Amino acid sequence: MAFDDIDRQIMAHLQDDGRMTNVDLADRVGLTAPPCLRRVRTLEEKGAIRGYHADLDPAWLGYTITVFAMVSLKSQAESDLEAFEAHVAAIPEIRECYMLNGDIDFILKIVARDLSSFQHFLTTRLTTAPNVAHVRTSLTIRTSKSLPGVPVDL
């Protein structure tokens, strides 16, 4: 899909502040409210804007540990990959899952309340999943950068 400068500005502003009113957005991009809203709706319908969400602080909700797990499977047959993805999709503590090429098949971002709950999760829900050959984990020390979305060229 081709985007013009106004579309890019709309996406950049909404990515920074998804709660911005349409009137504020229109003012920032130099449109009146009705055509701005039409552009936003078109971007949503075409799939360029996938949704809106609140950025929650994990610690406030009791999730003090973030872990990245590198998972290798015994088989990379499509049915086995899909079965692992379905297993992961059903586990709320796994917040992100990416299939990789190379030695590691998947990298997962996992949140846990504490080290003990993560250990229990690891030994009962992840390493025991069908087709898992091995799992390597790294606990995060701190988050230095966390930006939602993607860069929008203006």
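A polar contact here is a pair of N or O atoms within 3.5 Å, where within protein one must be able to donate a hydrogen and the other to accept it. With that in hand, here are some close-ups of this predicted model.

**View 1. S72 and its polar contact with D103.** S72 sits in strand β1, and a polar atom of its side chain lies 3.1 Å from the backbone oxygen of D103. That distance falls inside the cut-off of 3.5 Å, so the pair can count as a polar contact, given a donor on one side and an acceptor on the other. The residue is tucked away too: S72 has a relative accessible area of 4%, so it goes down as buried. Setting aside neighbours within four places in sequence, S72 touches D103, I104 and D105, and also N131, V132, A133 and H134.

**View 2. N131, one of the contacts of S72.** N131 turns up among the residues in contact with S72, and N131 belongs to the loop between α5 and β4. Its backbone is worth a look: phi is positive, at about 75°, although N131 is not a glycine. Is N131 buried or exposed? With a relative accessible area of 16%, N131 is buried.

**View 3. T124 on helix α5.** Now to the helix that runs over residues 115–126, α5, which is where T124 is placed. A polar atom of the T124 side chain lies 2.6 Å from the backbone oxygen of H120. T124 has 37% relative accessibility, so it counts as partly exposed.

**View 4. Helix α4 and its buried face.** Helix α4 takes in residues 78–89, and its 12 residues should span 16 Å at 1.5 Å a residue, which agrees with the 16 Å between its end C-alpha atoms. Which residues of α4 are buried? They are L81, F84 and V88. Looking down the axis of α4, these buried residues fall within an arc of 65°, so they line one face of the helix. The spacing fits the usual helix picture: an α-helix has 3.6 residues a turn, so residues three or four places apart point the same way. Packed against the buried residues of α4 are the strands β1 (65–73), β2 (94–99), β3 (106–112) and β4 (132–139), along with helix α5. On the face turned away from the buried side, S79 and A89 are exposed.

**View 5. Helix α3 and what covers it.** Helix α3 (residues 33–46) has 14 residues and reaches 20 Å from first C-alpha to last, close to the 20 Å expected at 1.5 Å a residue. C36, V40 and L43 are its buried residues. Viewed down the axis of α3, they fall within an arc of 60°, so they line one face of the helix. The cover over these buried residues includes α1 (5–16) and α2 (22–29). The face of α3 turned away from its buried side carries exposed R38, E45 and K46. Just after α3 comes G47, with a positive phi of about 95°.

**View 6. Zooming out to the domains.** The domain assignment splits off domain 1 (5–46) and domain 2 (58–139). Taken over C-alpha atoms, the centres of domain 1 and domain 2 are 36 Å apart. From the record, an unreviewed UniProt entry annotates residues 3–64 as "domain: HTH asnC-type". Residues 3–64 are 55% helix and 0% strand, with the end C-alpha atoms of the span 40 Å apart.

Definitions and conventions:
Residues are numbered from 1 along each chain as its sequence is written. This is a predicted model: local features need pLDDT of at least 70, side-chain atom pairs count only at pLDDT 80 or more; totals for chains, interfaces and linings use all residues. Side-chain values use heavy atoms; hydrogens and water are left out. Helices (H or I, at least four residues) and strands (E, at least two) are DSSP runs, numbered from the N terminus. Buried means under 20% relative accessible area, exposed over 50%, partly exposed in between (1.4 Å probe, protein chains only). Domain bounds come from an automatic or database domain assignment. UniProt positions are given in the numbering used here, feature names are shortened, and annotations may be inferred rather than shown by experiment. The expected span of a helix is 1.5 Å times one less than its number of residues. The arc is that of the directions from the helix axis to the C-beta atoms. Contact means heavy atoms within 4.5 Å.
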